[in-house]
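This report describes the fold, helix packing and charged pairs of one protein model. The sequence and the structure are shown first, and the description follows.

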Amino acid sequence: LSSEKLIQAVIDGDIKYTVVDDNIAAINATYHPILDVKTPMSFSQRTAWGVRKTSPRLLDTLNVWIAQSKKDVDYRVIYNKYFRNKRAFRARVKSEFYSLNEQRISPYDELIRENAERIGWDWRLLAAQIYQESQFDPEATSWAGAAGLMQLMSGTAGDLGVDDRLDPAENLRGGSDYLAQIEDNFADVPDSIQRIKLTLASFNCGYYHVKDAQRLAQKRGLDPLVWDENVEEMILELSFPKNYNDEVVKYGYVKGVEPFTYVDEIFERYDHYQQFIEYDSPE
């Protein structure tokens with residue numbers, strides 16, 4: 001079993017513990033806060049590339065590149081992404097604005113309802129996604145530069161005609177248009193809920209990674225038009241070399257736990273909203 005498979009077995013409770021390289025443990029702990037990776041099993045050892053003795057120029061070039069890279073902004077961004085930021089966490093269902101008595105979810109309910117109606121979604125589902133993205137903070141920014149209520153990247157925002165990503169109305173309009181564009185790519189999916197789940201997964205990790213998972217699902221005898229227990233299982237498998245190197249996979253590795261958790265938590269929150277917030281909430 002690979003280190004990640006062993007770590008997953010610990011998370012699932014199938015085994016009590018395992019031993020892996022410190023850097024692998026640290027990366028996985030950012031996705032799974034339940035993991036305790038504080039116990040060292042040996043003294044610290046350096047990670048290095050091996051270069052044959054007859055390639056001194058290659059060695060020198062690598063050393064210069066490493067020294068320079070550690071000074072670059074990209075190095076800090078990547079390091080923070082994988083080793084510092086907690087990537088997978090169960091966000092609270094309720095925002096501070098949430099009110100059962102007033103049938104309100106956020107300060108932006110009217111805008112959310114307007115955009116959800118425009119793309120044919122339940123506004124409570126769109127609200128659940130927006131909370132997952134930004135917790136209704138219109139000035140939220142991510143390590144990667146995504147910004148606003150729906151965490152739009154600068155390039156995506158430009159393509160959608162969004163000039164100010166921190167403007168709630170612009171951000172919600174652009175983000176909703178983007179969801180509609182993605183959903184159009186899954187027009188062959190007959191079940192609306194499965195189509196939306198595939199759309200949300202694509203919003204999170206990229207459409208082509210989800211298409212890879214669909215192709216892998218079809219090859220494994222699963223239904224490529226169903227997210228639940230089919231495509232979602234394959235998106236998780238795309239974290240492992242034997243799967244992302246499969247001939248049907250065109251776009252390689254993806255950290256599958258991110259879209260898997262993303263869709264799961266949005267629908268858990270949506271289920272809560274459905275139980276306590278009326279579809280036609282009074283304005």
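Two residues are in contact when their heavy atoms lie within 4.5 Å. On that basis, residues 24 or more positions apart account for 56% of the contacts in the protein chain with a separation of 6 or more. The model is a predicted one.

## Overall architecture

The protein chain contains 13 helices and 0 strands. Its pattern, read along the sequence, is accordingly written α-α-α-α-α-α-α-α-α-α-α-α-α. Along the principal axes, the C-alpha atoms of the protein chain fill a box of roughly 75 × 45 × 35 Å. The protein chain has 283 residues, of which 42% count as buried.

Val20 illustrates the spacing of two positions in this fold. Val20 is placed in the loop between H1 and helix H2 (22–31). With a relative accessible area of 22%, Val20 is partly exposed, because the buried class requires a value under 20%. When neighbours within four places in sequence are left aside, Val20 is in contact with Ser3, Ile7 and Ala25. Leu100 is 80 residues from Val20 along the chain, and the C-alpha atoms of the two are separated by 47 Å.

## Packing of helices

Helix H6 (residues 123–134) and helix H13 (residues 257–276) have axes that come within 8 Å and cross at roughly 130 degrees. H6 and H13 are therefore oblique to each other, and their crossing is right-handed. On the H6 side, the contact is made by Arg124, Leu125, Ala127, Ala128, Gln129, Tyr131, Gln132 and Glu133. H13 contributes Tyr262, Glu265, Ile266, Phe267, Arg269, Tyr270, Tyr273 and Gln274. Sorted by class, the contact of H6 with H13 comprises 9 nonpolar, 3 polar and 4 charged residues.

Helix H11 (residues 227–237) has as its buried residues Trp227, Asn230, Val231, Glu232, Met234, Ile235 and Glu237. These buried residues of H11 pack against helix H1 (3–12), helix H9 (192–205), H10, helix H12 (241–244) and H13. H13 thus appears both in the crossing with H6 and among the elements against which the buried residues of H11 pack.

## Salt bridges

Across the whole structure, a search finds 13 salt bridges. Three of the pairs are set out below, each with its N to O distance.

| Acidic residue | Basic residue | N to O distance |
|---|---|---|
| Asp212 | Arg215 | 2.6 Å |
| Glu183 | Arg195 | 3.2 Å |
| Glu247 | Lys219 | 3.9 Å |

The side chains of Arg195 and Glu183 meet in a salt bridge at 3.2 Å. This pair links distant parts of the chain, with Arg195 in helix H9 and Glu183 in helix H8 (residues 168–184), 12 residues apart. Both Arg195 and Glu183 are buried.

Where in the chain does Asp212 lie? Asp212 belongs to helix H10 (residues 207–219). Its salt-bridge partner is Arg215, and the closest N and O atoms are 2.6 Å apart. Because Asp212 and Arg215 are 3 residues apart in helix H10, about one helical turn separates them. Is Asp212 buried or exposed? Asp212 has 0% relative accessibility and so counts as buried. Arg215, by contrast, is partly exposed, with a relative accessible area of 28%. Not counting residues up to four places away in sequence, Asp212 touches Leu238, Val248, Val249, Lys250, Tyr251 and Gly252.

The third pair, Glu247 and Lys219, meets through its side chains at 3.9 Å, N to O. Glu247 lies in the loop between H12 and H13, whereas Lys219 is in helix H10, so the pair ties together parts that are 28 residues apart in sequence. Glu247 is exposed, with a relative accessible area of 65%, and Lys219 counts as partly exposed at 43% relative accessibility. In addition, salt bridges that share partners join Arg104, Glu110 and Arg113 into one network.

Note on methods:
Residues are numbered from 1 along each chain as its sequence is written. This is a predicted model: local features need pLDDT of at least 70, side-chain atom pairs count only at pLDDT 80 or more; totals for chains, interfaces and linings use all residues. Side-chain values use heavy atoms; hydrogens and water are left out. Axes are lines fitted to C-alpha atoms, for helices over the stretch in contact, and angles run from 0 to 180 degrees between N-to-C directions. Helices (H or I, at least four residues) and strands (E, at least two) are DSSP runs, numbered from the N terminus. Angles under 35 degrees count as roughly parallel, over 145 as roughly antiparallel, 65 to 115 as roughly perpendicular and the rest as oblique. A crossing is left-handed if the near helix is turned anticlockwise from the far one by less than a right angle, and right-handed if clockwise. Ala, Val, Leu, Ile, Met, Phe, Trp, Tyr, Cys and Pro count as nonpolar, Asp, Glu, Lys and Arg as charged, and the others, Gly among them, as polar. Buried means under 20% relative accessible area, exposed over 50%, partly exposed in between (1.4 Å probe, protein chains only). A salt bridge is a side-chain nitrogen of Lys or Arg within 4 Å of a carboxyl oxygen of Asp or Glu.
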